[in-house]
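Work through the exercises below with the model open. Try each task before reading its solution.

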Amino acid sequence: MTTALITGATAGIGAAFARRLARSGYRLVLVARDTGRLESSAADLHDKYGTDAEVLTADLATEEGIAAVEARLSDAARPVDLLVNNAGFGNKGAFLTVPLQDELDMLKVHVEAVLRLTTAALPGMRERRRGAIVNVASVAAFLPRGTYGASKAWVVSFTQGVMRDLGGTGVRLMALCPGFTRTEFHQRAGMGTGNIPSWGWLSAERVVEEAMRDLARGRSLSVPGKRYKIAVAIARLLPSGKLGGLSSKAARTYRTD
């Protein structure tokens, strides 16, 4: 049975991946910070899909948390065939209004954890000549706006670069770049969403379904939703200076209270 490890697995896109993969017969390793929610999620997945779900409590903003997941991914006796690096969060406020430690924690989760967990998973996958890694980024990766966008831009560049390096090995990597998705993300960050039009929202289930289709097609970048595909295509054509101005204007109209 194929095994998938999902970080940030108890809510939002991570939970949607868990449900989707459980329906497809995957054995799961669920990673998150809250042991109670992990155990509840594992029990629910077992009851609904008959899936064996291992739980691993780990805070990826800490050295101990990253090391624990690295160890699980490196365990040759229990190989992981699909890694979903989904854990992440946002900070409310403009740069310099956010405490530096919060910014550093974001880089720890979005950059260092993704780098180290990908590095831990790849040797076994390459040796078996099969496997896949989905690194969850954001359409914010294409808009120059603060630490969040910068960290997600790194995820996209890193993922596509490694995918090229692994050509012919049977291992696939893909950066997933959703737009506004109905999850706990904004609530946890203390961000209001009243100014976001209803047509701008995607469901976590739709994001995951499109991601799985793109992964099966061997794509290195997945942008769910036609509107967001168009937005990313335009963003790639515009000069970075123009993008920065548009991003700043959007931020002034995006209510965060």
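A search of the whole structure, a predicted model, finds 18 salt bridges.

**Exercise 1. Find the acidic partner of R20, and state which parts of the chain the pair joins.**

Solution.
- Start at R20. Its salt-bridge partner is E209, with the closest N and O atoms 2.8 Å apart.
- Place both residues. R20 sits in helix α1, residues 12-23, and E209 in helix α7, residues 204-216.
- Draw the conclusion. The two are 189 residues apart in sequence, so the salt bridge ties together distant parts.

**Exercise 2. Find the salt bridge between E209 and R23, then classify the exposure of each residue.**

Solution.
- Check the distance. The side chains of E209 and R23 meet at 3.5 Å, N to O.
- Locate the pair. E209 is in helix α7 and R23 in helix α1, with their positions 186 residues apart in sequence.
- Classify E209. Its relative accessibility is 27%, so it counts as partly exposed, as the class runs from 20% to 50%.
- Classify R23. Its relative accessible area is 49%, so it is partly exposed too.

**Exercise 3. Which element holds R128, which holds D81, and is each residue buried or partly exposed?**

Solution.
- Confirm the salt bridge. The R128 and D81 side chains come to 3.9 Å, N to O. The cut-off is 4 Å, so the pair qualifies.
- Assign the elements. R128 belongs to helix α4, residues 100-128. D81 belongs to the loop between α3 (63-73) and β4 (82-85).
- Note the separation. The pair links parts of the chain 47 residues apart.
- Compare with the limit. Buried means under 20%. R128, at 25%, is therefore partly exposed. D81, at 12%, is therefore buried.

**Exercise 4. Which residues are linked with K108 in a network of salt bridges?**

Solution.
- Recall the principle. Side chains of opposite charge can pair when their charged atoms come close.
- List the members. E63, E70, E112 and R116 are linked with K108 in the network.

**Exercise 5. Locate N86, decide whether N86 is buried or exposed, and list its contacts.**

Solution.
- Locate N86. It lies in the loop between β4 and α4.
- Judge its exposure. N86 has a relative accessible area of 12%, so it is buried.
- List the contacts. Leaving out residues up to four places away in sequence, N86 touches T7, G8, I13, G14 and V136.

Methods
Residues are numbered from 1 along each chain as its sequence is written. This is a predicted model: local features need pLDDT of at least 70, side-chain atom pairs count only at pLDDT 80 or more; totals for chains, interfaces and linings use all residues. Side-chain values use heavy atoms; hydrogens and water are left out. Helices (H or I, at least four residues) and strands (E, at least two) are DSSP runs, numbered from the N terminus. Buried means under 20% relative accessible area, exposed over 50%, partly exposed in between (1.4 Å probe, protein chains only). Contact means heavy atoms within 4.5 Å.
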